[in-house]
Amino acid sequence: MYTVFSTFDVPNEKADEVINIYKNRSRSVDHAEGFVDFLLLQNDKRAGELTVQLIFTSKDAYLKWVRSEEFKKIHDLEKKYPDQELAAVIPTVKQYKVVAK
């Protein structure tokens, strides 16, 4: 298995807005080959720190998703988000292979 964490900071007062965006996400990734799970995590002490966790069956499956037209379409929409402060957020991405479960 392969997991990817994308962590980003938004102003605390906008955290709920971003959470709602993810609650209403397109779910396109859910249909990607090798997709296992999606989680949105919120730091317990810093409300504006959010992390998206994606789990795939393999690194190859994840890379296939990242190179897909659907992925590009979703991320292009993010750049056009009306709130330019949120649209400008750049996540820190970390990728891990699962070595024990």
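Reader: What covers the buried residues of helix 1?

Author: The cover includes strand 1, strand 2, strand 3 and helix 4 (84–87). Keep in mind that this is a predicted model.

Reader: Which residues of helix 1 are buried?

Author: Helix 1 runs over residues 15–23, and its buried residues are Ala15, Val18 and Ile19.

Reader: How do you know that they are on the same side of helix 1?

Author: Look at the arc around the axis. They cover only 100°, which puts them on the same side of helix 1. There is a general reason behind such patterns. An α-helix has 3.6 residues a turn, so residues three or four places apart point the same way.

Reader: Which residues are buried in helix 2?

Author: Ala61, Tyr62 and Trp65 are buried there, in a helix of residues 59–66. Their arc around the axis is only 100°, so they too sit on the same side of helix 2.

Reader: What does the face turned away from the buried side of helix 2 carry?

Author: That face carries Asp60 and Lys64, which are exposed.

Reader: Why is tyrosine 62 called buried?

Author: Its relative accessible area is 9%. Buried means under 20%. The value falls below the cut-off, so tyrosine 62 is buried.

Reader: Why does glutamate 49 count as buried?

Author: The reasoning is the same kind of check. Glutamate 49 has 19% relative accessibility. The limit is under 20%, so glutamate 49 counts as buried.

Reader: Where does glutamate 49 lie?

Author: Glutamate 49 belongs to strand 3, residues 49–56. Leaving aside neighbours within four places in sequence, its contacts are Thr7, Phe8, Asp9, Leu41, Gln42 and Asn43.

Reader: What makes strand 2 and strand 3 a pair?

Author: Bridges do. Two strands pair if there are at least two bridges between them. Strand 2 (residues 35–42) and strand 3 have seven, in the antiparallel sense. Seven meets the requirement, so the two strands pair. For one of the residues involved, take glutamine 42: its bridge partner in strand 3 is leucine 50. The two strands also form a hairpin, with six residues between them.

Reader: Why is the pair of phenylalanine 5 and tyrosine 96 called edge-to-face?

Author: Start with the total: there are seven aromatic pairs. Phenylalanine 5 and tyrosine 96 form one of them, with ring centres 5.7 Å apart and 80° between the planes. Rings pair if their centres lie within 6.5 Å, and planes over 60 degrees apart count as edge-to-face. Both values pass, so the pair is edge-to-face.

Reader: What parts of the chain does this pair link?

Author: The pair links distant parts, 91 residues apart. Phenylalanine 5 is in strand 1 (residues 2–9), and tyrosine 96 is in strand 4 (residues 92–97).

Reader: Are phenylalanine 5 and tyrosine 96 buried or partly exposed?

Author: Phenylalanine 5 has 25% relative accessibility. Tyrosine 96 has 39%. Partly exposed lies between 20% and 50%, so phenylalanine 5 and tyrosine 96 are partly exposed.

Reader: What kind of aromatic pair do phenylalanine 56 and tyrosine 62 form?

Author: They form an edge-to-face pair, at 5.7 Å centre to centre and 65° between the planes. Phenylalanine 56 is at 0% relative accessibility, so this residue counts as buried. Phe56 and Tyr62 also belong to one aromatic cluster, together with Tyr2 and Phe35.

Reader: How do you know that arginine 25 lies over the face of phenylalanine 38?

Author: Arginine 25 is at 3.8 Å from the ring centre. The distance limit is within 6 Å, and there is an angle limit as well. Arginine 25 counts as lying over the face.

Reader: Why is leucine 86 called buried?

Author: Its relative accessible area is 11%, so leucine 86 falls under the 20% limit. Leucine 86 is in helix 4. Among its contacts, beyond neighbours within four places in sequence, are Val10, Lys14, Glu17 and Val18. Aspartate 9 is 77 residues away in sequence, yet the C-alpha to C-alpha distance from leucine 86 is 9.3 Å.

Reader: What pattern does the protein chain follow?

Author: Along the sequence the pattern is β-α-β-β-α-α-α-β.

Reader: What makes the protein chain as compact as a globular protein of that length?

Author: Its radius of gyration is 14 Å. The globule rule gives 13 Å for 101 residues. The two are close, so the chain is as compact as a globular protein of that length.

Note on methods: Residues are numbered from 1 along each chain as its sequence is written. This is a predicted model: local features need pLDDT of at least 70, side-chain atom pairs count only at pLDDT 80 or more; totals for chains, interfaces and linings use all residues. Side-chain values use heavy atoms; hydrogens and water are left out. Helices (H or I, at least four residues) and strands (E, at least two) are DSSP runs, numbered from the N terminus. Buried means under 20% relative accessible area, exposed over 50%, partly exposed in between (1.4 Å probe, protein chains only). Contact means heavy atoms within 4.5 Å. Rings of Phe, Tyr and Trp (its six-membered ring) pair if their centres lie within 6.5 Å; planes under 30 degrees apart count as stacked, over 60 as edge-to-face and the rest as tilted. A charge sits over a ring if NZ of Lys or CZ of Arg is within 6 Å of the ring centre and within 35 degrees of the ring normal. The arc is that of the directions from the helix axis to the C-beta atoms. The radius of gyration is taken over C-alpha atoms; the globule rule is 2.2 Å times the number of residues to the power 0.38.
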